[in-house]
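Trainee: Could you walk me slowly through one part of this protein, and show me how its surroundings are built up from there? I would like to know which residues are buried and what they touch.

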Amino acid sequence: MNAKIAIQGIKGSFHHQVAQEYYNNNVIVDECLSFEELVDSLISGKSEQAVMAIENSIAGPIIPNYALIDKHNLHIIGEHYLNITQNLMALKGQEVEDITEVHSHPMALLQCMDFLKKYPNIKLVEDKDTAETARRIQQKQLKGIAAIGSNAASVMYDLEILAPAIQTIKNNMTRFVIINKENSFVPKEEVNRASLKFELDHKRGSLAAVLNVMSDCKMNLTKIQSLPKIETPWKYSFFVDVTFEKYEDYAKAKSLLQIMAEYFKVLGEYKNTKP
């Protein structure tokens with residue numbers, strides 16, 4: 001029996017493509033139109049695991065998703081990188097000049113802005129999901145409206161690609177994480193990446209001291225992002241990703257950070273798969 005995996009979006013979306021690649025096509029998906037709905041699917045037991053976008057090479061980290069993982073005490077158990085190719089697609093028999101509106105996810109619109117600026121008469125409309133927009137165009141036979149999305153979406157919803165690979169930066173990669181309700185045991189010899197959260201006392205040098213510990217313990221800091229604590233003005237939580245070669249070095253850093261931080265939490269320990 002195949003595992004049921006929650007994805008943000010519908011079949012034909014980039015999340016769906018990641019689920020197929022990560023689980024070798026042996027996957028049944030629960031289609032969720034928001035990340036909150038995705039988390040609810042996982043917590044309720046409707047799905048066994050979930051695929052969640054967490055960072056884009058152009059737009060940066062998706063901090064609200066780190067906050068969702070933290071808030072609901074979920075665990076990152078793996079990651080997957082996907083090259084994002086954005087295509088302009090519409091009902092067959094049309095040209096770009098026939099398009100009056102482009103509907104897509106705000107991130108997709110942002111990634112393709114240089115191309116879209118060439119057509120100032122086209123109205124840009126933000127939508128929840130790239131593949132869902134493609135499906136709606138086909139179902140309602142919406143002429144003059146185009147979607148931006150994956151090649152898989154164009155095939156699945158029988159749309160014609162009017163302009164391929166329209167993303168501004170051709171090397172456009174998104175990092176997705178695999179999340180679970182329970183922490184999945186990964187052998188220490190395979191673990192070389194961790195996602196952490198900590199809070200520090202608001203005093204001079206506290207963050208510098210933590211960064212020094214990471215450096216001394218041979219941690220490579222791949223991302224650091226602060227998020228304000230709404231209930232405590234002028235206090236911040238820090239979300240960081242680190243990579244390392246030896247688990248022993250990481251374990252030493254972790255033990256020191258637990259002492260230094262006012263609050264410390266491991267969001268996940270897993271295998272680094274960055275290409």
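Mentor: Let us start with helix H1, in which Phe 14, His 15, His 16, Val 18 and Ala 19 are buried, where buried means under 20% relative accessible area for a 1.4 Å probe, with protein chains only taken into account. Helices (H or I, at least four residues) and strands (E, at least two) are DSSP runs numbered from the N terminus. The model is a predicted one, so local features need pLDDT of at least 70 and side-chain atom pairs count only at pLDDT 80 or more, while totals for chains, interfaces and linings use all residues. Residues are numbered from 1 along each chain, and side-chain values use heavy atoms, without hydrogens or water.

Just after H1, Asn 24 takes a positive phi of about 55°. Within H1, His 15 is a good place to look outwards, as His 15 is among the residues that lie nearest the centre of the largest pocket, together with Gln 8, Ala 53, His 105 and Met 107. A pocket is an open set of points on a 1 Å grid where a 1.4 Å probe fits, with protein on both sides within 12 Å along at least five of seven lines, and its lining residues have an atom within 4 Å of a point. In this pocket the lining is made of 22 residues. At least two of them are supplied by each of H1 (14–22), helix H2 (35–44), S3, helix H4 (106–111) and strand S11 (173–180), and H4 gives the most, with three residues.

His 15 also leads us to Met 52, since Met 52 is in contact with His 15 (contact means heavy atoms within 4.5 Å). If neighbours within four places in sequence are left aside, the other contacts of Met 52 are Phe 35, Leu 38, Val 39, Asn 65, Leu 68, Ile 69, Arg 175, Phe 176, Val 177 and Ile 179. Met 52 belongs to the largest nonpolar core, which has 36 residues, and is listed with Leu 38, Val 51, Ile 69 and Ile 179 as having the most contacts inside that core. Such a core is a set of buried Ala, Val, Leu, Ile, Met, Phe, Trp, Tyr and Cys residues joined through side-chain atoms within 4.5 Å. Strand S3 (residues 49–56) contributes the largest share of this core, five residues. Apart from this core lies another, of 21 residues, including Cys 217, Met 219, Val 242 and Tyr 247, and Cys 217 counts as buried, at 5% relative accessibility.

For a second helix to set beside H1, take H6 (residues 130–139), where Glu 132 is found. Seven of the 10 residues of H6 are buried, so this helix is largely enclosed by the rest of the structure. Those buried residues are Thr 130, Ala 131, Glu 132, Thr 133, Ala 134, Arg 136 and Ile 137, and they pack against strand S6 (87–90), strand S7 (101–104), H4, strand S9 (145–149) and helix H7 (151–156). Here H4 appears again, having already been named as the element that gives the most to the lining of the largest pocket. Within H6, Glu 132 counts as buried because its relative accessibility is 16%. Not counting residues up to four places away in sequence, Glu 132 touches Ile 10, Leu 33 and Asp 127.

Methods: Buried means under 20% relative accessible area, exposed over 50%, partly exposed in between (1.4 Å probe, protein chains only).
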